[in-house]
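Please open the model in your viewer and keep the selection tool at hand. The tour begins at the ligand and then moves out to the rest of the chain.

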Amino acid sequence: MTKIAVFASGTGTNFDAILKAIEEGYLNAEIVLVVSDKSDAKVIEKAKSKQIETFVFNPKSYASKTDYENEIVSKCIGKKVEWLILAGYMRILSTVLLDSYPNRIINIHPSLLPAFKGKDAIGQAFDYGVKVMGVSIHYVNAEMDGGKIIAQKSFDVMPHMTHDDVEKEVHKIEHQLYPETLKKLWEEIK
Ligand code: GRF
């Protein structure tokens with residue numbers, strides 16, 4: 001069984017999708033830790049309701065990123081975490097985390113990378129008027145939304161689709177693509 005930590009700062013719908021895939025026996029994994037830089041993130045409530053350990057930190061209470069990442073690494077090591085799964089964690093990682101988990105940190109981004117990196121990728125793509133949108137899952141490196149792509153899935157943006165419609169479609173794809181990609185990856189590696 002693969003032990004994972006989910007890093008999230010938001011609603012945690014991808015956390016929900018991964019947890020559901022585990023509970024249904026689709027993914028042979030266990031979420032042993034949820035890491036967040038936002039104490040009021042909904043994902044924290046959700047993790048607690050499932051008795052999953054959480055580590056919530058306030059970056060401002062640390063002298064540097066190195067300091068808080070060192071603490072994250074020791075929490076992860078303490079829980080025997082093998083993979084770090086980022087889902088809406090809005091911070092660039094430093095070498096502290098990257099070197100502790102080489103090729104073991106993955107992120108999901110709501111665009112067809114390398115297009116539309118950063119915040120509000122869906123809004124950026126929609127405003128640009130792109131006709132094909134999608135989701136990317138990639139290894140994490142020191143650049144924002146950088147790192148080698150593992151999986152992508154696209155859809156056509158039809159003329160009648162509103163911002164809300166494309167957002168819903170992106171999330172629908174995310175919730176299916178993340179568990180599916182993790183499953184394939186862990187099967188390939190083991
Ligand atoms: C997702 O759209 C993900 O692609 C991006 O942040 C969002 C997190 O959503 N990195 P949620 O908290 O999983 O609902």
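Start by selecting Glu174 together with the ligand in this predicted model, where a polar side-chain atom of Glu174 lies 2.3 Å from an oxygen atom of the ligand. Taken on its own, the ligand has 370 Å² of accessible area, and the protein covers 85% of that area.

Keep the ligand in view and add Gly12, whose backbone has a polar atom 2.7 Å from an oxygen atom of the ligand. Then add Thr11, which likewise has a polar backbone atom at 3.3 Å from an oxygen atom of the ligand.

Which residues make up the rest of the surroundings of the ligand? Besides Thr11, Gly12 and Glu174, you can select Gly10, Thr13, Asn14, Gly88, Ile108, His109, Pro110 and His171, and with these the group around the ligand is complete. If you colour this shell by residue class, you will find 2 nonpolar, 8 polar and 1 charged residues in it.

Where does the ligand sit with respect to the pockets of the protein? A pocket display will show the ligand in the largest pocket. Switching to a cartoon view, select α1 (13-23), β5 (105-109) and α6 (163-189), each of which supplies at least two residues of the shell around the ligand.

Now show the whole protein chain, whose secondary structure comes to 6 helices and 7 strands. If you follow the chain from the N terminus, the elements run in the order β-α-β-α-β-α-β-α-β-α-β-β-α. The radius of gyration is 16 Å, close to the 16 Å that the globule rule gives for 190 residues, so the chain is as compact as a globular protein of that length. Turning the C-alpha trace along its principal axes, you will see that it spans about 50 × 40 × 30 Å.

Two stops in the loops remain. For one of them, select Pro114 in the loop between β5 and α5 (121-128), and look at the peptide bond that leads from Leu113 to Pro114, which is cis, with omega near 15°. For the other, go to the loop between α2 (42-49) and β3 (54-56) and select Gln51, a residue other than glycine that nevertheless has a positive phi, near 55°.

Definitions and conventions
Residues numbered from 1 in each chain as written. Predicted model: local features only at pLDDT ≥ 70, side-chain atom pairs only at ≥ 80, totals over all residues. Heavy atoms only, no water. Near = heavy atom within 4 Å. Polar contact = N/O pair within 3.5 Å; in protein donor to acceptor, adjacent residues only side chain to side chain. Areas by Shrake-Rupley, 256 points an atom, 1.4 Å probe, with all protein chains shown as cover. 1 Å grid on protein atoms, 1.4 Å probe; cavity = no way out; pocket = protein on both sides within 12 Å on 5 of 7 lines; lining within 4 Å. Sits in = over half its atoms within 2 Å of the grid points. Helix = DSSP H or I, 4+ residues; strand = E, 2+ residues; numbered from the N terminus. Nonpolar A, V, L, I, M, F, W, Y, C, P; charged D, E, K, R; others polar. Rg over C-alpha atoms; globule rule 2.2 N^0.38 Å.
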